[in-house]
Amino acid sequence: PFLIKLVMHSTFIEGNCTTTFIDETPELFDFPPRKDRATKLLAYLGETIVNGNSLVKNRPVATRRIPAPLPKFQSTAPIPDSMRQKFQRLGAEKFSKSLLEHKPLLLTDTTFRDAHQSLLATRLRTYDMLRIADVYARHCPELFSLEMWGGATFDTSMRFLKEYPWQRLSELRDRVPNILFQMLLRASNAVGYTNYPDNVVREFVKEAAGAGIDVFRVFDALNWVENMQVAMDAVIESGAICEATICYTGDILDPRQSKYDLKYYVEMAKRLEGMGAHILAIKDMAGLCKPYAAELLVKTLRQEVGLPIHFHTHDTGGVQAASLVKAAEAGVHIVDAALAPLSGGTSQPNLNTLVESIKLTDRETGLQSARLDEIADYWRAVREFYTPFESPVLPAGSDLYQHQMPGGQYTNLYQQARALGLADRWSEVCRMYADVNQLFGDIVKVTPTSKAVGDMALFLISNEMTTEDVVSSNRELAFPQSVVDLISGRMGQTPGGFPANVQKRILRGESPVEGRPGANLPPADFEQSNDKLQEILGHKPTHREALSHLLYPEVFEDFARHDQTYGDTSVLPTPAFLYGLEPGEEISVEIEPGKTLIIRLQTVGEAHEDGRRTVFFELNGQPREVTITDRS
Ligand code: 3PY
Ligand code: ZN
């Protein structure tokens, strides 16, 4: 590099070089940091080959290693315009009005977010998303949006996948400039499990909008509208589309339902409209909105509010495609569905068959089924990489409408119950979940309030207690932290408040939080947090790094250490990331556009006396080795 810099230097080129030129020209020695990305990736692969990846330890093994087949597409063809260009032309308000006139049913594909959050423990990697992204841009411009960020993905991508969520967003954005990108924002809980100071929520929204999020679905886990204001205002100020959400629980068709009846939802929707929402979302996180309830709700909301309506449901009970069709008939503007191989069960209904089922009706979507099926072929193969994260198939019985567990929690809680030896008592866990909901005053259950209800249900069963015992017994009990957080009001307020006797028993003298938690939390100190972060990162943190650290301090620090040790491992194909390579296996890894490494595992050496092993690779045809301490 020194010689290159010398001969490229303008003074040298012009022939004005004196003998002191080299000494007087320090920039000749100003080299970029050594590119040791290949070495770091080999270290990661070596470590994974010798010691395994803790993520898949003791889990069923994925056997697929070959890449998932991609549909053919013309990479040089121009990317067609889609909703995003229309949104950019009109701005959020006019754009949302234009949706009211849109006749075809619009669809959001949730495959990149909620579908894998609900079916595969949120483990889908950026690598598998990026490979198919170009196809989406070219073959599905009729989609309303891709839900591809937020919810649990922010945390999980760093914690488990060792990926930077902002990079996922910007790389997908580069490949898909035309389809709207949508994220799930837990209002004051942002992408976390507890209320954050207002300045963190505001800064996060601003940064996410700047990074390419167009539509923010904002919900509060107790439907507490006051707690949605900060996030909604931040979305509106950023120029993005504010999709304010009512979380659906109970059953509006049940005349005995006094709390969450039709009037309750209409009033909430009107308040959200008054707060400046551009779109109204019905978030049926547990799949409770039965077909005729969906019809009634959509019909009524269309009469009472002037916003486009976006319906989201989970197919845990197996009948929710009927709710989508009924909602479409009643004039819903947009619905959520997932590509066939990641649909159904606790995920969204099947997008491929939904499109086909309303063909030749006046809500026909315009999406091309053959193209969607090719994309489904890709996802079917991709799912095979994620066998270790599959949950047992667990179709819900009619008791779903009693326990009301969100799709994303259903299989998760089952796994937790199984780990506690309670798998055979699953129906009892479900009944207890329903009882705990009543104990807490019949609340909206969705992240993070649903976690508190689930934790309490398992806690009571493990302690052989009933919900009556909670208030009547004097036993000294250490209730789960999530339960204390919920009942103390740190997750916000529920209509009518939490029952006083339960609050007294669980808080044991501690006073509940008054008012909106975010208003009482001191603003986060970005500078102080950045000082600590700078030491870890070795550079001045970017705003995105600062935000990630404020939201998830330990998770981000661990992720940053991984990144320093191994570099960006999100570029590895999924089997290599999870299992390393098999002897003789060769992968090609694009570490930056146009720069590809060909890595081949030759063999793993016998253990040395000190317990280390040498792993022999070939890197771009040259032998390379790494030595790893065998801890397996
Ligand atoms: C989330 O908050 O992550 C959810 O998907 C809630 O339904
Ligand atoms: Zn959902």
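This is a short walk through a predicted model, with stops at its metal site, its ligand, its rings and a few unusual spots.

Hi everyone, and thanks for coming. Please keep the structure open while I talk, and click along with me.

Let's begin at the zinc ion, which is ligand 2. Which protein atoms hold on to the zinc ion as donors? There is D114, through OD, and there are H312 and H314, each through NE2. These donors lie 2.0 to 2.1 Å from the zinc ion. If you trace them along the chain, the spacing reads D-x197-H-x1-H. Now look at where two of them come from. D114 is in helix α6, residues 111-119, while H312 is in strand β7, residues 309-313, so this pair ties together parts that are 198 residues apart in sequence. And are D114 and H312 buried or exposed? Both are buried.

Next, ligand 1. The residues around it are R113, Q117, G151, A152, L184, R186, F219, K283, M285, V446 and T447. Let me pick out three of those for their polar side-chain atoms. Q117 places one 2.8 Å from an oxygen atom of ligand 1. R186 does likewise, with a polar side-chain atom 2.8 Å from an oxygen atom of the ligand. For T447, an N or O atom of the side chain is 3.5 Å from an oxygen atom of ligand 1.

Stay on T447 for a moment, please. The peptide bond that joins T447 to P448 is cis, with omega at about 5°. P448 itself sits in the loop between α19, residues 426-439, and α20, residues 449-462.

While we are on backbone geometry, here are two residues to click on. A121 is not a glycine, yet its phi is positive, about 55°. You will find A121 in the loop between α6 and α7, the latter being residues 126-139. So that is α6 again, the helix that holds D114. With a relative accessibility of 31%, A121 counts as partly exposed. The second residue is N620, also not a glycine, where phi is positive and near 45°. N620 belongs to the loop between β11, residues 612-619, and β12, residues 622-629. At 41% relative accessibility, N620 counts as partly exposed too.

Now for the aromatic rings. How many aromatic pairs does a search of the whole structure find? The total is 23. Take Y260 and Y264 as one of the pairs: the ring centres are 5.0 Å apart and the planes stand at 90°, so we call this pair edge-to-face. Y260 and Y264 are both buried. Elsewhere, ring pairs join F112, Y136, Y378 and W379 into a cluster.

Rings also have charged company here. R173 lies over the face of F181, 3.7 Å from the ring centre. K290 does the same for Y401, at 4.7 Å from the ring centre.

Let's turn to one helix, α11, which covers residues 229-238. Its buried residues include V230, A231, M232, A234 and V235. What do the buried residues of α11 pack against? Their partners are the strands β3 (180-185), β4 (215-218) and β5 (241-247), along with the helices α10 (198-211) and α12 (262-274). Just after α11 comes G239, with a positive phi near 90°.

I have two more residues for you. M83 is part of helix α5, residues 83-100. Why does M83 count as buried? Its relative accessibility is 8%, and the cut-off for buried is under 20%. Leaving out residues up to four places away in sequence, M83 touches F95, L99, H102, L106, L143, F144, N178 and L180. If you would like a distance to try in your viewer, M83 and D36 are 47 residues apart along the chain, and their C-alpha atoms are separated by 41 Å.

The last stop is S473, in the loop between α21 (467-472) and α22 (481-487). S473 is buried, with a relative accessible area of 19%. Setting aside neighbours within four places in sequence, S473 is in contact with M465 and R505.

That's my tour. If you want one place to revisit, go back to the zinc ion and its donors D114, H312 and H314. Thanks for listening!

Definitions and conventions. Residues numbered from 1 in each chain as written. Chains lettered and ligands numbered in written order. Predicted model: local features only at pLDDT ≥ 70, side-chain atom pairs only at ≥ 80, totals over all residues. Heavy atoms only, no water. Donors = N, O, S within 2.8 Å, 3.2 Å for Na, K, Ca; no water. Helix = DSSP H or I, 4+ residues; strand = E, 2+ residues; numbered from the N terminus. Buried < 20%, exposed > 50% of the residue type's maximum accessible area, 1.4 Å probe, protein only. Phe/Tyr/Trp six-rings, centres within 6.5 Å; stacked < 30°, edge-to-face > 60°. Lys NZ or Arg CZ within 6 Å of the ring centre and 35° of its normal. Contact = heavy atoms within 4.5 Å. Near = heavy atom within 4 Å. Polar contact = N/O pair within 3.5 Å; in protein donor to acceptor, adjacent residues only side chain to side chain.
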